[in-house]
Amino acid sequence: MSDHHNTDDSGPAARVKALEALLTEKGLIDPGAIDAIVDTYETRVGPRNGARVVAKAWTDPAYRKRLIADATSAVAELGFAGPEGGHLVAVENTERVHNLVVCTLCSCYPWPVLGLPPVWYKSFAYRSRAVSDPRGVLEDFGLELPREVEVRVWDSSAEIRYLVIPQRPKGTARMSEDELAAIVTRDSMVGVAKVEAPRA
Amino acid sequence: MGGMDGFGPVVREQNEPVFHADWERRAYALVSFAIRAANVNIDEFRHAIERIPPARYLASNYYERWLAAVETLLVEHGVVTREELLAKQDAAIDPELIANAIAARGPAPVKDKPGSKPPRARFAKGARVRARNLNPAGHTRIPRYVRGKSGVIARDWGVFVFPDTNAHHAGTKPQHCYSVAFDARELWGKSTKAHSGDRVYIDLWEDYLEPIASNSKPKAAKRAKAHHTGRY
């Protein structure tokens, strides 16, 4: 029935097409700029950025200090900045402390260092349980933490965006910064995984 | 959503692409332009997502929620009409139209930090505070699971625009925002999942917090003591 027809009835693909065409027609958007944004987040901004930050922090004690004191500036030193990166904070995993990042309210995520969030980070399962059962969530990822390790969950409820500095794995003393950056995973920088040393 | 039960385990997708469909790509990029064109601030955008009817919210994926929010805001701000949107959805899209589009314009994004005279911080690091039991009708960034709970100021992040008013264009009300540490047991009680010593750090604006007098013991500690000594 036509009186039930509203914008939600159509599939998202048709709705996005209509919206893009309408805004283009009104001169409010430039599809070329849309393409540029898509390309930026699909190919250029992603967890490789964060991995470079972590590898530098592992190999350069002065940089690690700066990163912990003011992550926004330290990350900008490597050329990473932009939306959702205006107030970055780095939290460091140690033998005694394990940090885990979530946004229970929506899906806030440090875009300039990790790119756009994966589906699991945006899932209701993660958003609901990461605060009430963080150790259970870590087990979903195959990570079991000893009781004596303190779990710190960071709920990104304001404008601060968190980057976890994972522990540098043993057996990596001879690896270069670039080699180290290659083993740092996105999941380890959200706090749901540890970084593993490459098998010899 | 913090603390809700029943969503099952977290499932991780192997080799996950950044976008799962072409419309997700376009929607993601469109939103940043559209909210600028409509002079929408980030808090207002978040509130528009929260206003999606709950059943629909839960049935939608992330970018569908963005799309629904941006459609709502563009119509509410008079940038487009619902009829125009519907007409476009029914009509075939002319690719020429998109290819020949003119450059983007629109007002500058809303500044998210105030300029002058930052207000003084009411709370110092280490101060005991309670998250107020607030249940506002509009937008808020105080998670439901922390309301009424006691914690400790861990860090002062500085001054930020207050989302509860900013979302409704009722002023930026700049104020300090703090990282507040809450013990897992204070938030979730004596559950097997809440380990004593584990903490949740929540970023909370000053208006969400009230002081706890320094001579009064935290509620949780009092209760625990009463329990152990058998008194009540």
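In this predicted model, the contact between the two chains draws 66 residues from chain A and 68 residues from chain B. On the chain A side, the elements that supply two or more residues are α1 (12-25), α2 (31-44), α7 (119-122), α8 (124-132), α9 (134-140) and β3 (150-155). Of these, α1(A) gives the most, with 14 residues. If you sort the chain A side by residue class, you get 35 nonpolar, 15 polar and 16 charged residues.

The strands join in here too. β3(A) pairs with strand β4 (residues 199-205) of chain B, running in the parallel sense over four bridges. For a spot to zoom in on, try A:Val153, which stands opposite B:Val200 in β4(B).

Next, a look at chain A by itself. Its secondary structure amounts to 11 helices and four strands. Along the principal axes, the C-alpha atoms of chain A fill a box of roughly 65 × 35 × 35 Å. Chain A has 200 residues, and buried ones make up 50% of them. Among contacts in chain A with a separation of 6 or more, 71% come from residues 24 or more positions apart.

Chain B offers a helix pair to inspect. Helix α1 (residues 22-37) and helix α4 (residues 62-76) of chain B pack at an angle of about 35°, and their axes lie 10 Å apart. The crossing of α1(B) past α4(B) is left-handed. From α1(B), the residues that take part are B:Glu24, B:Ala27, B:Tyr28, B:Val31, B:Ala34 and B:Ile35. They meet B:Tyr63, B:Trp66, B:Leu67, B:Val70, B:Leu73 and B:Leu74 in α4(B). By class, this helix contact has 11 nonpolar residues, no polar ones and one charged residue.

Chain B is also divided into domain 1 (22-99) and domain 2 (128-229). The contact between these domains takes six residues from domain 1 and five residues from domain 2. On the domain 1 side of that contact there are no nonpolar, two polar and four charged residues.

Here are the class counts side by side, handy if you want to set up selections:

| Contact surface | Nonpolar | Polar | Charged |
|---|---|---|---|
| Side of chain A that touches chain B | 35 residues | 15 residues | 16 residues |
| Contact of α1(B) with α4(B) | 11 residues | no residues | one residue |
| Side of domain 1 of chain B that touches domain 2 of chain B | no residues | two residues | four residues |

Key
Residues numbered from 1 in each chain as written. Chains lettered and ligands numbered in written order. Predicted model: local features only at pLDDT ≥ 70, side-chain atom pairs only at ≥ 80, totals over all residues. Contact = placed C-beta atoms within 7 Å. Nonpolar A, V, L, I, M, F, W, Y, C, P; charged D, E, K, R; others polar. Pairing = 2+ DSSP bridges. Axes fitted to C-alpha atoms, helices over the stretch in contact; angles between N-to-C directions. Left-handed = near helix turned anticlockwise from the far one by under 90°. Domains from an automatic or database assignment. Buried ≥ 20, exposed ≤ 12 C-beta atoms within 10 Å, placed from the backbone.
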